[in-house]
Amino acid sequence: MKPIKVGLLGIGTVGAGTFNVLQRNQEDIRRRAGRGIEITMVAARNLEKARGIVGAGVEVVGDPFAVVDHPDIDIVVELIGGYELPHALVLKAIANGKHVVTANKALLALHGNEIFAAAQEKGVMVAFEAAVAGGVPIIKALREGLTANRIESVAGIINGTTNFILSEMREKGLDFATALQQAQELGYAEADPTFDIEGVDAAHKLTIMSAIAFGIPVQFDKAYIEGISQLQARDISYAEQLGYRIKLLGITRRTHTESGEGIELRVHPTLIPAGRLIANVEGAMNAVLVQADAVGASLYYGKGAGSEPTASAVIADLVDVTRLATVDPYCRVPHLAFQPNEMTDVAIVPMAEITTSYYLRVYVKDQLGVMADLTRILADAGISIDAVLQKEPGDQVNLDIILLTHQTREKNIIAAIEKIEKLPAVIGKVTRIRLETLA
Ligand code: NDP
Ligand code: HSE
């Protein structure tokens with residue numbers, strides 16, 4: 001059988017990794033796919049650099065639409081990143097009847113519903129394993145491996161850059177800016193690293209997993225997002241003293257609120273008991289913990305970013321698409337796991353309605369009665385305390401009081417924090433970090 005022809009859009013960190021791994025393992029990949037997979041065209045901005053990677057024999061062009069419109073190309077691999085240009089390119093590729101592979105979670109989190117509908121209509125595949133957790137085959141696991149289950153929750157460390165920064169800060173005492181720079185040099189960070197550190201990239205990935213896990217549309221605009229830029233080294237240290245690690249966690253789960261069934265969709269720094277496997281995921285590694293009714297808990301772990309780990313997922317998609325290219329479109333695995341006409345509209349619950357535990361750090365003047373005031377406010381709000389720690393942050397005058405609470409609704413803790421901040425002994429804002437036992 002003739003090799004399937006692939007056009008690559010972008011040959012940066014992931015694009016170059018894809019080209020190199022495909023070259024290196026081409027014989028095994030051909031034996032698995034049933035036919036060869038050949039990159040015959042590449043679009044890049046820096047043509048000389050691109051030619052340096054692919055050598056002679058591969059056409060390098062400056063206009064990515066030349067690839068998307070080329071009649072010989074069967075699969076378009078979008079590895080440019082961003083929103084607008086990839087949106088136009090992917091829709092054009094679909095309209096031209098080409099299958100698409102992309103690592104672009106931003107694109108799918110924002111435009112996934114439109115893109116999957118267009119692909120369905122045209123009978124082509126859009127594959128996106130690399131968009132979530134880099135080389136970890138979590139899309140395959142959620143969409144196919146766990147297909148017998150009712151999935152209850154998905155919680156994961158799904159941004160390599162922030163996990164790398166938190167690990168470097170905790171283990172080596174590096175400052176935030178130095179750790180971020182290292183993550184950028186290692187090729188983990190997004191072109192705009194604020195997407196990583198402010199939790200947006202993790203929210204993109206979580207949004208995609210939520211749709212697949214629960215059979216709901218992709219709804220990035222409803223995600224609650226809080227990054228790690230406000231996190232202080234002393235909170236990382238206090239958490240450790242209390243037996244916890246702080247991780248940027250994406251959590252999506254079925255829940256019940258006063259108004260009925262809903263889905264939580266949230267990304268924020270989270271205290272996790274230090275003994276949990278997921279609390280020990282360090283560096284750019286990713287891990288996703290899935291709770292499902294039949295299988296129970298399962299954990300998926302591996303390299304969440306970087307050139308060849310991500311290329312591994314891109315090529316797995318290329319093999320899938322190659323194997324299924326001639327199959328009746330109705331026999332393929334649906335893009336979001338559920339048949340398009342079987343999606344539900346269970347609402348994403350507002351953040352005020354979620355239930356979790358909390359770490360509160362209150363910076364106070366060292367005065368008699370301040371602890372009693374804090375515990376009274378929490379008790380009045382029906383919030384019970386799990387642990388208390390009192391520390392001198394170094395100024396010899398004031399104190400940090402750290403309280404871990406049991407579970408309560410977010411709106412209750414917000415109301416209690418408002419009252420705490422009005423106490424005369426309290427200085428500045430209360431630091432609040434959510435805590436999940438992941439039991
Ligand atoms: P890079 O910035 O390293 O690569 C992007 C490439 O796209 C560059 O080669 C760039 O060319 C090229 N490009 C930009 N604009 C155009 C254009 N108009 N026409 C043609 N080529 C263009 O990004 P990554 O490889 O890191 O990321 C690619 C995608 O993969 C993103 O969506 C990212 O979110 C996703 N991803 C990245 C991971 C990682 O670990 N890096 C992991 C998982 C997903 P030039 O070099 O000439 O500017
Ligand atoms: N910037 C992303 C991360 C790349 O750090 O996880 C992988 O999606």
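Visitor: Which residues come nearest to ligand 1?

Guide: Keep in mind that we're looking at a predicted model. To read a binding site, start with the neighbours that have an atom within 4 Å. Ligand 1 has 24 residues around it, and Thr13, Val14, Arg45, Glu190 and Gly306 come nearest.

Visitor: What polar contacts does ligand 1 have, say with arginine 45?

Guide: Look for pairs of N or O atoms within 3.5 Å. In arginine 45, a polar side-chain atom is 2.7 Å from an oxygen atom of ligand 1. The backbone joins in too: glycine 12 has a backbone N or O atom 3.0 Å from an oxygen atom of the ligand, and for isoleucine 11 a polar backbone atom is 3.3 Å from an oxygen atom of ligand 1.

Visitor: How much of ligand 1 does the protein bury?

Guide: Take the area the ligand exposes when alone, then ask what share gets covered. Ligand 1 alone exposes 900 Å², and the protein buries 83% of that. The space ligand 1 takes up is the largest pocket.

Visitor: And where does ligand 2 sit?

Guide: Ligand 2 sits in the largest pocket. Its surroundings include Lys105, Asn159, Tyr188, Asp196 and Gly304. Glu190 is also one of the residues around ligand 2, and you've already met Glu190 beside ligand 1.

Visitor: Which side chains make polar contacts with ligand 2?

Guide: Go atom by atom. In threonine 161, an N or O atom of the side chain is 2.6 Å from an oxygen atom of ligand 2. Glutamate 190 has a polar side-chain atom 2.7 Å from a nitrogen atom of the ligand. For lysine 205, a polar side-chain atom lies 2.8 Å from an oxygen atom of ligand 2. On its own, ligand 2 has 250 Å² of accessible area, and the protein covers 94% of it. Helix H8 (160–172) and H11 are the elements that give two or more residues to the shell around this ligand.

Visitor: Let's move on to the sheet. In what order do its six strands run?

Guide: To read a sheet, walk from strand to neighbouring strand. Here the order is E3-E2-E1-E4-E5-E6, in an open sheet with parallel pairing. The edges are strand E3 (59–61) and strand E6 (126–127); each has a single partner strand, so one side of each has no neighbour in the sheet.

Visitor: How many bridges join E1 to E2?

Guide: Six bridges join E1 to strand E2 (residues 37–43). In this pair, leucine 9 has alanine 43 in E2 as its bridge partner. E1 also pairs with strand E4 (residues 75–78), in the parallel sense, over four bridges. There, leucine 8 has valine 77 in E4 as its bridge partner. Next along, E4 and strand E5 (residues 99–102) pair over four bridges, with glutamate 78 opposite threonine 102 in E5.

Visitor: Is strand E1 enclosed or open to the outside?

Guide: Here's the general idea for a strand: in a regular one, side chains alternate between the two faces of the sheet. For burial, check each residue. In strand E1 (residues 4–9), five of the six residues are buried, so this strand is largely enclosed by the rest of the structure.

Visitor: How do I read a single residue? Is arginine 434 buried or exposed?

Guide: Under 20% relative accessible area counts as buried, and over 50% as exposed. Arginine 434, found in strand E17 (residues 431–435), is buried, with a relative accessible area of 0%. Next, check what the side chain touches. The side chain of arginine 434 makes polar contacts with the side chains of glutamate 410 at 2.6 Å and tyrosine 224 at 3.2 Å.

Visitor: What about aspartate 221: buried or exposed?

Guide: Aspartate 221 is exposed, with a relative accessible area of 65%. Its place is in the loop between helix H11 (200–214) and strand E8 (224–225).

Visitor: Last topic, helices! What is found at the two ends of helix H3?

Guide: Check the residues just outside a helix. Asparagine 46 caps the N-terminal end of helix H3 (residues 47–54), with a side-chain oxygen 3.3 Å from the backbone nitrogen of glutamate 48. Following H3 is glycine 55, with a positive phi near 70°.

Visitor: And inside a helix, what does the side chain of threonine 322 reach?

Guide: The general idea is that an α-helix has 3.6 residues a turn, so residues three or four places apart point the same way. Threonine 322 is in helix H13 (residues 307–324), and its side chain reaches the backbone oxygen of leucine 318 at 2.6 Å. At 5% relative accessibility, threonine 322 counts as buried.

Technical notes
Residues numbered from 1 in each chain as written. Chains lettered and ligands numbered in written order. Predicted model: local features only at pLDDT ≥ 70, side-chain atom pairs only at ≥ 80, totals over all residues. Heavy atoms only, no water. Buried < 20%, exposed > 50% of the residue type's maximum accessible area, 1.4 Å probe, protein only. Pairing = 2+ DSSP bridges. Polar contact = N/O pair within 3.5 Å; in protein donor to acceptor, adjacent residues only side chain to side chain. Areas by Shrake-Rupley, 256 points an atom, 1.4 Å probe, with all protein chains shown as cover. 1 Å grid on protein atoms, 1.4 Å probe; cavity = no way out; pocket = protein on both sides within 12 Å on 5 of 7 lines; lining within 4 Å. Sits in = over half its atoms within 2 Å of the grid points.
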